Amino acid sequence: MTYKINSLEEYHQVYKQSVEKPEEFWKEQAETFEWIQPFSKVLNWDFEKPEVKWFEDGVLNITQNCLDRHVLTQGDQTAILWEPNDPNQKAQHYSYTQLLEAVCQCANGLKDRGIKKGDRVILYMPMVPALAVAVLACARIGAIHSVVFAGFSAQALCDRVDDAQASMIICSDVNHRGAKVIAVKEVVDRAMDLGCNSVETVLVYKNSTQEVNWSDDVDVWWHDIVEGQSKTCTAEPMNAEDMLFILYTSGSTGKPKGVVHTCGGYMVYTCYSFKNVFQYRPGDVYWCTADIGWITGHSYILYGPLLAGATTMMFEGVPSFPDAGRFWAICEKHKVNQFYTAPTAIRALMANGDAWPAKYDLSNLKVLGSVGEPINAEAWHWYDKHVGKGQAPIVDTWWQTETGGILISPLPGITDTKPTFASYPMPGVQAVLVDSDGNELTENNVEGLLCIKYPWPSMIRTTYGDHERCRNVYFSVFKGKYFTGDGARRDEDGRIRVIGRVDDVINVSGHRMGTAEVENAINEHPNVIESAVVGYPHAIKGQGIYAYIISAGMSLNEAFKKEIISTVVREIGPIAKPDKIQFVEGLPKTRSGKIMRRILRKIAAGDGENLGDISTLLNPEVVQSVKEGALV
């Protein structure tokens, strides 16, 4: 069996084999890597505990597979291509040899500060190459990295540091983001004042000429302890089930969940999924626009591409700076072949008009990716027509922080693509739909709750420091299954469409419908930029539909509302008609671009005073204006 799938016939063949003999399938994938000590046992699992162990007696270091083995055959090839925030600043290329040397220097610097295997290190940095170097340096010496998006508040940072009991924070002095200069070190200083008692060192990367507050007790300059170090560092032998990183996600209780991923299984799955989902070929330039502060950046900017020996791009800036053509200018400049971004970004760029992508040569694009939420049909078609020119298949990928890698996706040029459908499970991923009692729905043309009934290598192992929380959230709802928390629909050909979180599924007069489905219909109206739909208590229907809408310059009037309702009726049916429509200037979003429907649900229900912490939102200021215009 080939390591990479090349045809539809092969997909079906490989998938069948992966389901019938999963251990044999993943053993073959794992054997393509370098192991310090080969594994003899492939899998040991029990979803009741839960306990999942892949390749558990194997020993490896993931950075040897990301870097050292490629240096032997393609040391001069660009590993990381960095595009700075300022378009007038020159892009930087780091070959595999240069990246390995930089990682070893940083690893030696960390060791000099007492960092050792098992220590937790928080990274709070902009999208500069030093962030990638520091992540890999931690993995090199067996320290557990936890990247926190460098836009979270001091309190949010402190909460994560305290939960991980991290002994070091690595940050920059400032972060350049569009026209803004963000004082990152100041946020770290405030976090230190709030707690962070476990932190012994704050390692500061100099990203500007600005002065910063300094404490000789804890603060150390990156250049003082990293530059001048030896360019060789022996990779720490790691058990396959040793922790690689902790990545925090927002929990329903408000307390962040530290999702734990381990070395061996994560390595095997991220590389396998990267190669197949993006159909990467030697010489291609791959660009994922995410931040490394999110799982997308971990798996598909750093680990997946580097494990595959790819050229992966990092971008420091934002899509709107200096103008709405920045993404497309970069694609032209670097002849990007695979482009992976979020529906939020696509819709924002779509709102700026078709002229922007038309200005640039996008002919090198071979694959377009979408990540973070289901992409609505209008955005899908715009992306296909104006960016891909109908020549670059769209992979609408579904996965989660907890899954470590993409679980459901088309394979470009191999399986078909269908707007709004994440499509088919990856080989080795046994995705099932179940009813509310946990009974598996085996036929097609059904709707149910999305579960995975068999382990895959990159799945969550625990929530850091609270294994019971992991069991309760993911494994207790349906016996013997990992519950994704999403509802989904399977069409007549077996394609899966994720229709939103279960708490984002509205039950109107006994009819279940996904918020994403209603939003998709509303967004079909040409004068709607973006919408968010939530359920709210309704005396007759049980739940009514409340729609928040950003319009394209249209004034609020009854005629426009009627047009929106008729669009929804046309797309879905009368049952999906919004009961209330509120026009808003913006929607509250997380830093990764997801709409915080929890906040919108509370406002729609008239509970606008108990919204919890909103400081970690991308745009907390919009919450007040949404509250003021609420139709309650």
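Guide: Before we start, a salt bridge here is a side-chain nitrogen of Lys or Arg within 4 Å of a carboxyl oxygen of Asp or Glu. This is a predicted model, where local features need pLDDT of at least 70 and side-chain atom pairs count only at pLDDT 80 or more, while totals for chains, interfaces and linings use all residues. Residues are numbered from 1 along each chain as its sequence is written, and side-chain values use heavy atoms, with hydrogens and water left out.

Visitor: How many salt bridges does the structure hold?

Guide: Go by the cut-off above, a nitrogen within 4 Å of a carboxyl oxygen. Counted that way, the salt bridges in the structure come to 25.

Visitor: Which residue forms a salt bridge with Arg347?

Guide: The closest N and O atoms of this pair are 3.1 Å apart. Arg347 counts as buried at 5% relative accessibility (buried is under 20% relative accessible area, exposed over 50%, partly exposed in between, with a 1.4 Å probe and protein chains only). Its partner also counts as buried, at 16%. That partner is Glu373.

Visitor: How far apart in sequence are the parts that Arg347 and Glu373 tie together?

Guide: Arg347 lies in helix α12 (residues 343–351); helices (H or I, at least four residues) and strands (E, at least two) are DSSP runs, numbered from the N terminus. Glu373 sits in the loop between β19 (367–370) and α14 (377–387), so the separation is 26 residues.

Visitor: Which residues are linked in a network with Arg495?

Guide: Arg495 and Asp491 meet in a salt bridge at 2.6 Å, N to O, and both are buried. The network's other members are Asp416, Lys418 and Asp493, so by the salt-bridge definition the residues linked with Arg495 are Asp416, Lys418, Asp491 and Asp493.
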